[in-house]
Structure formats: C-alpha cells, structure tokens
Amino acid sequence: MSIVQNKKAFHDYFIEEKYETGIVLEGWEVKAIRDGRIQLKEAYVIIRNGEIFLIGCHISPLKTASTHINPDPARTRKLLLHAEEIQRLIGKVERAGYTLVPIDMHYKTGRIKVEIGLAKGKKQYDKRESEKQKEWERTKQRLLRAK
C-alpha cells in the first residue's frame, strides 16, 4: 500500500534499478506519515561514510505532537540496507551520471519502507519526448473509448 510517490523522479530521471530500504524514524514521524503529512518531491539520497541517508524529505509534525520533543520536519534520515547492497550502490553511483532518488514510500508488513532508484538524469529533449509519448497514449485511449 503506497503512502506517497515521487512522480517527479520519473520525469527527471531514467530509473534503471530499484531497491527497497527500511528507514529510521522517530515516533512522531510515524504518526505524521500515517496521517499523510509527507512530501518526497525534493528529496534525494546520498552515501556518506558507507551509510545511505535520505535528505530533503519533509514530514510535517502533527498539531498534537508531544510538547517535550522538538520536531525537525526536514532532518536527515538514515536508510537501512545490507552492507553488500550498499557497496554495490557505491560502485554504481561513482560512475558518471548516476544518482539515487526516492521513488515511493509504502507499508510492508506493518513497517514503513522507502523504494529508491538508481537513476540517470534526463536531458531536456528526453523530457519532451516522454511528454509526447504520454500525450499520444492518452489520445489513443480516448480514440479507443470513442469507438
């Protein structure tokens, strides 16, 4: 069951591989995510000291958040992967033009998971071409429905 998707990632990048990761969250963040107060649009993933972090993911705290904590909506959150998967990703990201982007956040057996993608940036003409392709698919569907 998907919580939030990063549709902008598919517009800006060619997604070549996908990985499902766990995420380290605080209690108030889990409650806010369950309430749908999350945004992945400007988020990205970096590798630092052999660990993977999600940066720019904005989780708005609930109004009823506890008074003894100071929620930081845009804090850096650690992603959880096996060590060999991280090493494989480090090797691929170091190649020219590849980056890691969050694609989707969803529930899996009661836990919140983040799907990240190994992506290569699109050029402007690639973006225009994909828009033309989407428009053609919509037109095709309309014509088929009209018959």
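## Note on the strands, turns and selected residues

1. Gly22 stands opposite Lys113 in β9. This pair belongs to a longer pairing: strand β2, residues 13–23, and strand β9, residues 111–121, run antiparallel and are joined by nine bridges. The model under review is a predicted one, and each remark below should be read with that in mind.

2. For orientation, the protein chain contains four helices and nine strands. Read from the N terminus, the order of these elements is β-α-β-α-β-β-β-β-β-α-β-β-α. A student can use this order to place the strands named in the later points. The C-alpha trace spans about 60 × 40 × 30 Å along its principal axes.

3. Strand β9 has a second partner in β8, which covers residues 98–108; β8 and β9 pair in the antiparallel sense over ten bridges. One position to check on screen is Val101, whose bridge partner in β9 is Gly117. Strand β9 therefore pairs with β2 as well as with β8, given that two strands count as paired once at least two bridges are found between them.

4. What lies between β8 and β9? The two strands form a hairpin with two residues between them. Thr109 is found in this loop, and the phi of Thr109 is near 50°, a positive value in a residue other than glycine. Is Thr109 buried or exposed? Thr109 counts as exposed because its relative accessible area is 76%, and the limit for that class is over 50%.

5. Strand β8 also holds His106. In contrast to the turn residue just described, His106 is buried: its relative accessible area is 11%, and the class requires a value under 20%. The side chain of His106 makes a polar contact of 3.0 Å with the side chain of Asp104. Leaving out residues up to four places away in sequence, His106 touches Met1, Ser2, Ile3, Glu20, Arg111, Ile112, Lys113 and Glu115. Lys113 in that list is the residue that stands opposite Gly22.

6. A second hairpin is formed by β4 and β5, again with a short link: two residues lie between the strands. Strand β4 covers residues 44–48 and β5 covers residues 51–55. The two run antiparallel and are joined by five bridges. Within this pairing, Tyr44 stands opposite Ile55 in β5.

7. Which residue in the turn between β4 and β5 has a positive phi? That residue is Asn49, with a phi of about 55°, although Asn49 is not a glycine. Asn49 counts as exposed because its relative accessibility is 74%.

8. Strand β5 is mostly covered, with four of its five residues buried. On the pairing side, β5 is also joined to β7 by three bridges, and these strands run antiparallel. In this pairing Leu54 has Arg77 in β7 as its bridge partner.

9. Phe53 deserves a look for its ring. Arg48 lies over the face of Phe53, at 5.2 Å from the ring centre. How many aromatic pairs does the structure hold? The number is zero; such a pair would need ring centres within 6.5 Å.

10. Phe53 can also be compared in position with His68. These residues are 15 apart in sequence and 26 Å apart in space, taken from C-alpha to C-alpha. His68 is found in the loop between β6, residues 58–59, and β7, residues 77–80. His68 is classed as exposed because its relative accessible area is 68%.

11. Some totals for the protein chain close the note. Of its 147 residues, 33% are buried. The accessible surface comes to about 9,500 Å², and 50% of this belongs to carbon and sulfur atoms. Among contacts between residues at least 6 apart in sequence, 67% join residues at least 24 apart.

Key. Residues are numbered from 1 along each chain as its sequence is written. This is a predicted model: local features need pLDDT of at least 70, side-chain atom pairs count only at pLDDT 80 or more; totals for chains, interfaces and linings use all residues. Side-chain values use heavy atoms; hydrogens and water are left out. Rings of Phe, Tyr and Trp (its six-membered ring) pair if their centres lie within 6.5 Å; planes under 30 degrees apart count as stacked, over 60 as edge-to-face and the rest as tilted. A charge sits over a ring if NZ of Lys or CZ of Arg is within 6 Å of the ring centre and within 35 degrees of the ring normal. Buried means under 20% relative accessible area, exposed over 50%, partly exposed in between (1.4 Å probe, protein chains only). Contact means heavy atoms within 4.5 Å. Accessible areas come from the Shrake-Rupley method with a 1.4 Å probe; for residues, only the protein chains shown count as cover. A polar contact is a pair of N or O atoms within 3.5 Å; within protein, one must be able to donate a hydrogen and the other to accept it, and residues adjacent in sequence count only if both atoms are side-chain atoms.
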